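Open the model in your viewer and show every chain. Keep the selection panel at hand for a short tour.

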Number of protein chains: 4
Amino acid sequence: MSHEQNRNLIQTLHECAEACNHCYDACLKEENVKMMAECIRLDRECADICSYLEHALTRNTPFGSELAAVCAEICEACGNECRKHDHEHCQKCADACFKCANACKEAA
Amino acid sequence: MSHEQNRNLIQTLHECAEACNHCYDACLKEENVKMMAECIRLDRECADICSYLEHALTRNTPFGSELAAVCAEICEACGNECRKHDHEHCQKCADACFKCANACKEAA
Amino acid sequence: MSHEQNRNLIQTLHECAEACNHCYDACLKEENVKMMAECIRLDRECADICSYLEHALTRNTPFGSELAAVCAEICEACGNECRKHDHEHCQKCADACFKCANACKEAA
Amino acid sequence: MSHEQNRNLIQTLHECAEACNHCYDACLKEENVKMMAECIRLDRECADICSYLEHALTRNTPFGSELAAVCAEICEACGNECRKHDHEHCQKCADACFKCANACKEAA
């Protein structure tokens, strides 16, 4: 990864973690929480791994590619779940997840 | 903290994090998820800080007492919420939280 | 905390975590690593708690103030250690740590 | 993964994270820290991912296999580095890392 790619990936991971955590918080406040259970679960998984990888990249981890590969899969799964729901926070989260999945695949 | 106290605290934090994560997973599968929203939220908060502190103690962090003080508060809040619900996973989690809150207070 | 304060704190925590992780990585590459041992240790502690709190704030944690109070102490300790060393990465890290300590104190 | 395998993997990850964090702390206290720089770095990487995966498994993450695969690689790299050093904490850490790498490979 070039320094420029690395900077962009860190920023994209940061935005995805934030979108997932916002979506998680908003899902827990929805009227129909039952329908959002899988979204809540995947939001947490995705926020946690994005935050982990972002953090690992800033300390120059030797495992950036390996972690990016698994992060891409988790982002994609979360994006697919979020895409199913009409809430604005879910749609925004899906956008952030798919953008991040692509950035991770390039880095992997 | 003596070495013995430290070992016990690490084990208690570990069990609390595990109980909270089990409760979180089980709450997301309950019929009435809406009623469990606050429990889900606090389970995550509590599991995350207990896991953080456990990990920090094993690396001999200089901030064990400070982190234990805030961990005690989060354990107590999570225990209080779990105690309200009749599910076995909530009651077990409440027990683990209150035990961990006490261990953290002693270490703080 | 107002929404604006919250946004600023998240950004400040993010920059501090990044500065600490850069400093940690750079310290491990220095000729005189022995002299940097305490800096390496505190960089990790500080990066980890800042990243933790940043992440917790984006999910709307109910424990923002309590966590900010302990984060302020850790930032201050790391800033004090970094300030002792002439390396540019240490001085930049000290700046980020003291800025973050102040932001955390206001939020606490 | 059977429930039994899952329990064993959680315990093995826990022990590996602990061994890595002990080794990290002990390496920072060694006379010749420079020689331990790569060990310090890999100890942190390995402790962090083991702790992450352990925590993720207790919340029944849907990504256990994918995370176990990357965890196995990190454990192996850390074990190989630790094996090079005669300190007791390094040799114990190498043992824990290789045991954990194997457990992760079976789960992946």
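Select chain A and chain D of this predicted model. The area buried between chain A and chain D is about 1800 Å². Carbon and sulfur atoms give 60% of that area.

Now show the contact residues on both sides. You should find 19 residues of chain A in contact with 19 residues of chain D.

Turn to the charged pairs next. Chain A and chain D share four salt bridges. Zoom in on one of them: D:Arg59 pairs with A:Glu45. The closest N and O atoms of D:Arg59 and A:Glu45 lie 2.7 Å apart. Widen the search to polar contacts, and 10 residue pairs between chain A and chain D qualify, with both residues at pLDDT 80 or more.

Which elements of chain A give two or more residues to the side that touches chain D? Select helix H2 (37-58) and helix H3 (64-83) of chain A. H2(A) provides the largest share of that side, eight residues. Color the side of chain A that touches chain D by class: nine residues are nonpolar, three polar and seven charged.

Next, select chain B and chain D. Chain B can be laid on chain D by a turn of 180 degrees, with a shift of 0.0 Å along the axis and an RMSD of 0.0 Å. The two copies are therefore related as by a two-fold rotation axis. Center on B:Ser51 to find the C-alpha of chain B nearest the axis, 3.9 Å from it.

Last, highlight the interface residues of chain B. Of these, 100% are also interface residues in chain D, so the copies meet through the same surface.

Key
Residues numbered from 1 in each chain as written. Chains lettered and ligands numbered in written order. Predicted model: local features only at pLDDT ≥ 70, side-chain atom pairs only at ≥ 80, totals over all residues. Heavy atoms only, no water. Least-squares fit on C-alpha atoms with pLDDT ≥ 70 in both. Contact = heavy atoms within 4.5 Å. Buried area = accessible area lost by both parts, 1.4 Å probe. Salt bridge = Lys/Arg side-chain N within 4 Å of Asp/Glu carboxyl O. Polar contact = N/O pair within 3.5 Å; in protein donor to acceptor, adjacent residues only side chain to side chain. Helix = DSSP H or I, 4+ residues; strand = E, 2+ residues; numbered from the N terminus. Nonpolar A, V, L, I, M, F, W, Y, C, P; charged D, E, K, R; others polar.
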